[in-house]
Amino acid sequence: MDGLIIWQKIEGALVFISGLALFAYLDPGLSWWLALLLFFAPDLSFAGYLFGSRVGAACYNLVHVYALGAICLAAGLILTAPLLAACGALWLAHSGFDRMLGYGLKSAAGFSFTHLGRIGKSTGQ
């Protein structure tokens, strides 16, 4: 595995852990099951693939960049909106979790083609 990919997976793990730590620190008072639902909510962006690979990749990438979780977290902190800040922390944690597992930003070529390499079953090529 390429050394740069390993570094990006480590970065993803650190963002994942940091996001969870921020969520715990903010203590928005959410039940664990609601926090779990919010954690996985960004994966609803998969629905974009119903409209083809190009739209699917754009939807997935828009929701899975670190910046949007960071903006949500910052807005929640600035506006003194703990729930918004907590959602931003979970959003960051989710994006880091995906990167840690090797699910990178998608290419219009298809869901399996990411900036971290191809995912899924090997084609044997």
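1. Is Y60 buried or exposed? In this predicted model, Y60 counts as buried because its relative accessibility is 1%. This residue is a convenient place to begin, as several of the points below return to it.

2. A search of the whole structure finds five aromatic pairs. One of them joins F46 and Y60: the ring centres lie 5.7 Å apart and the planes meet at 20 degrees, so the pair is stacked. The two partners are 14 residues apart and link distant parts of the chain, with F46 in the loop between helix 2 (32-40) and helix 3 and Y60 in helix 3. F46 has a relative accessibility of 35% and therefore counts as partly exposed, whereas Y60, at 1%, is buried.

3. The ring of Y60 also has a charged neighbour. The charged end of K106 sits over this ring, 4.5 Å from its centre. A second arrangement of this kind involves R99 and Y66, where the charged end of R99 sits over the ring of Y66 at 4.4 Å from the ring centre.

4. K106 should be considered together with N61, a residue of helix 3 (residues 53-64). A polar atom of the N61 side chain lies 2.6 Å from the backbone nitrogen of K106. When residues up to four places away in sequence are left out, N61 touches L105 and K106. N61 counts as buried because its relative accessibility is 17%, which is under the 20% limit for that class. K106 thus appears twice in this region: its backbone nitrogen lies by the side chain of N61, and its charged end sits over the ring of Y60.

5. Helix 4 (residues 66-78) merits separate attention. The helix has 13 residues and reaches 18 Å from its first C-alpha to its last, close to the 18 Å expected at 1.5 Å a residue. Its buried residues include Y66, G69, C72, L73 and G76. These residues lie on the same side of helix 4 because they cover an arc of only 135 degrees around the axis. On the other side of the helix, I71 and I78 are exposed.

6. What do the buried residues of helix 4 pack against? Their partners are helix 1 (3-26), helix 3 and helix 5 (82-100). Y66, one of these buried residues, is also the residue whose ring lies beneath the charged end of R99.

7. Further aromatic residues deserve mention. F16, F39, F40 and F97 are linked into a cluster by ring pairs.

8. Two loop residues have a positive phi although neither is a glycine. For D27, phi is about 40 degrees; D27 lies in the loop between helix 1 and helix 2 and counts as exposed because its relative accessibility is 59%. For T80, phi is about 50 degrees. T80 follows helix 4 and lies in the loop between helix 4 and helix 5. With a relative accessible area of 67%, T80 is exposed.

9. In summary, two items may guide a first inspection of the model. In helix 3, buried Y60 stacks with F46 and has the charged end of K106 over its ring. In helix 4, the buried residues share one side and pack against helix 1, helix 3 and helix 5, while I71 and I78 are exposed on the other side.

Note on methods
Residues numbered from 1 in each chain as written. Predicted model: local features only at pLDDT ≥ 70, side-chain atom pairs only at ≥ 80, totals over all residues. Heavy atoms only, no water. Helix = DSSP H or I, 4+ residues; strand = E, 2+ residues; numbered from the N terminus. Buried < 20%, exposed > 50% of the residue type's maximum accessible area, 1.4 Å probe, protein only. Polar contact = N/O pair within 3.5 Å; in protein donor to acceptor, adjacent residues only side chain to side chain. Contact = heavy atoms within 4.5 Å. Expected span 1.5 Å × (residues − 1). Arc of directions from axis to C-beta. Phe/Tyr/Trp six-rings, centres within 6.5 Å; stacked < 30°, edge-to-face > 60°. Lys NZ or Arg CZ within 6 Å of the ring centre and 35° of its normal.
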